[in-house]
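Me: I'm new to this structure and would love a close look at one part of it. Could you walk me through the strands that pair into sheets, and what lies around them?

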Amino acid sequence: FTPKMAEVFNLIDTDIGRRIHGFVNTIKCPDLPARLEQVAREGKLFEEEVENKDGGQYLMRILPYLGETGRRGVVMTLIDITVLKAAETRFRNAVEVSPNGMLVIDTNGRIAMVNGEVEKTFGCDKQDLIGQPLDVLLPDGMRVDHSFLREEFFRQPRVIRRMGNDSFVWGQRCDGTRIPLDVRVNPIKTSTGTQAIASLVDVSEHQKLEESLRSQVQQRDRFLATLSHELRNPMGAILTAASLLNRMADGAEEFQKPCEVIRRQATHIATLLDD
């Protein structure tokens, strides 16, 4: 045993050779002797996060061991992850209070973490989503393409400012309805390797507003086209009538001047209509 492990089990040098079952330890793992025996018997790694009486966090690993004489046993290690767990808690809190939906995805495309906004956006319980493939939140037609994009992302992790070629990508709520999403993706390094954190914003209202604006622009263009067409014809008639009046005036200045004003102003209006 190492000095640190001696503190956990209150060991001294003369304890070598005694059964571990008789020692009171400071970690909260009541079935520890059974776990040690199981690994020695089955030869399979056992791993669990445990806590000590002072609130410290440890990653406990029990591995099979085969000595030079063929005597079988186990090696138990305790890795202090108190600082790591505190950082993870701060990260989870930051994700939870984000106004955007936040998803953490592992390299296998499974959901490792979600916040409350994802629940509201997709209409799912977030506990039901943990461990599920991300495909459950995608329409059928996007799942194959997304698997290729995910593999490419984890081969070359990078910041993706906006997912998709359009202003949004389609997601699928748990009731099967589709929703447009603005998606941004960042790689994050964790103790288990690189993962992806995605920020999701439901842009349904934005899309409705854009559609409404497009419709209003189309209506405006139709109105202007109709107005231009309807006014251009009578403006042509006014120009023709002004020219006829000018000829009929037979050089009379009192008629020519008003006719010229009519013709000049009508020509200007016709130009404005064309513009």
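Reply: Happy to. Let's begin with a sheet of three strands, which is open and has the order β1-β2-β3, with antiparallel pairing. Its edge strands are β1, residues 46-51, and β3, residues 72-80, and each of them pairs on one side only. On average, neighbouring strands in this sheet are turned by 25° against each other, direction ignored. Please keep in mind that this is a predicted model.

Now look at how β2 meets β3. The two run antiparallel and are joined by nine bridges. To find one of the paired positions, go to Y65: its bridge partner in β3 is G73. Strand β2 covers residues 57-66, and L63 is part of it.

L63 and Y65 are also worth a look from the outside. Together with L45 and V75, they form a nonpolar patch on the surface, and the accessible area of the four adds up to about 350 Å². L63 has a relative accessibility of 33%, so it counts as partly exposed; the partly exposed class lies between 20% and 50%. As background, side chains in a regular strand alternate between the two faces of the sheet.

A helix belongs in this picture too. Helix α2, residues 32-42, lies across β1, β2 and β3. Its direction is at about 35° to that of β2.

Next, follow β1 to a charged contact. E49 in strand β1 forms a salt bridge with K85, and their closest N and O atoms are 2.9 Å apart. This pair links distant parts of the chain, since K85 sits in helix α3, residues 82-97, and the two partners are 36 residues apart. How covered are the two residues, buried or exposed? K85 has a relative accessible area of 16%, which is under the 20% limit, so K85 is buried. E49, at 46% relative accessibility, counts as partly exposed.

Helix α3 leads us on to the other sheet. The helix lies across β4, β5, β7 and β8, and runs at about 65° to β5. These strands belong to an open sheet of five, in the order β5-β4-β8-β7-β6, again with antiparallel pairing. β5, residues 111-114, and β6 stand at the edges with a single partner strand each, so one side of each has no neighbour in the sheet. Here neighbouring strands are turned by 40° against each other on average, direction ignored.

Let's walk through this sheet, starting at the β5 edge. Strand β4, residues 101-105, runs antiparallel to β5, and three bridges join them. One position to find here is I105, whose bridge partner in β5 is I111.

Further along the order come β8 and β7. Strand β8 spans residues 193-202 and pairs with β7 in the antiparallel sense over ten bridges. If you look for V183, you will find L200 as its bridge partner in β8.

At the other edge, strand β6, residues 169-172, pairs with β7, residues 178-190. Their pairing is antiparallel as well and runs over four bridges. Q172 stands opposite R178 in β7. The two strands form a hairpin with five residues between them. In the turn, G176 has a positive phi of about 95°.

Finally, a few words on salt bridges beyond the sheets. The count for the model comes to 18. Some of them lie within one helix. K208 and E205 are both in helix α7, residues 204-248, three residues apart, or about one turn of the helix. Their closest N and O atoms are 3.6 Å apart, and both residues are exposed.

Helix α8, residues 253-274, holds another such pair, E260 and R263, also three residues apart and about one turn of the helix. In this salt bridge the closest N and O atoms are 2.4 Å apart. E260 is partly exposed, with a relative accessible area of 32%, and R263 counts as partly exposed at 31% relative accessibility. Returning to the contact between β1 and α3, salt bridges with shared partners join E49, K85, E88 and R92 into one network.

Notes: Residues are numbered from 1 along each chain as its sequence is written. This is a predicted model: local features need pLDDT of at least 70, side-chain atom pairs count only at pLDDT 80 or more; totals for chains, interfaces and linings use all residues. Side-chain values use heavy atoms; hydrogens and water are left out. Patches are made of residues with over 30% relative accessible area and no salt bridge: like charges are joined within 9 Å, nonpolar side chains (Val, Leu, Ile, Met, Phe, Trp, Tyr) within 5 Å. Accessible areas come from the Shrake-Rupley method with a 1.4 Å probe; for residues, only the protein chains shown count as cover. A salt bridge is a side-chain nitrogen of Lys or Arg within 4 Å of a carboxyl oxygen of Asp or Glu. Buried means under 20% relative accessible area, exposed over 50%, partly exposed in between (1.4 Å probe, protein chains only). Two strands pair if DSSP finds at least two bridges between them. Axes are lines fitted to C-alpha atoms, for helices over the stretch in contact, and angles run from 0 to 180 degrees between N-to-C directions. Contact means heavy atoms within 4.5 Å.
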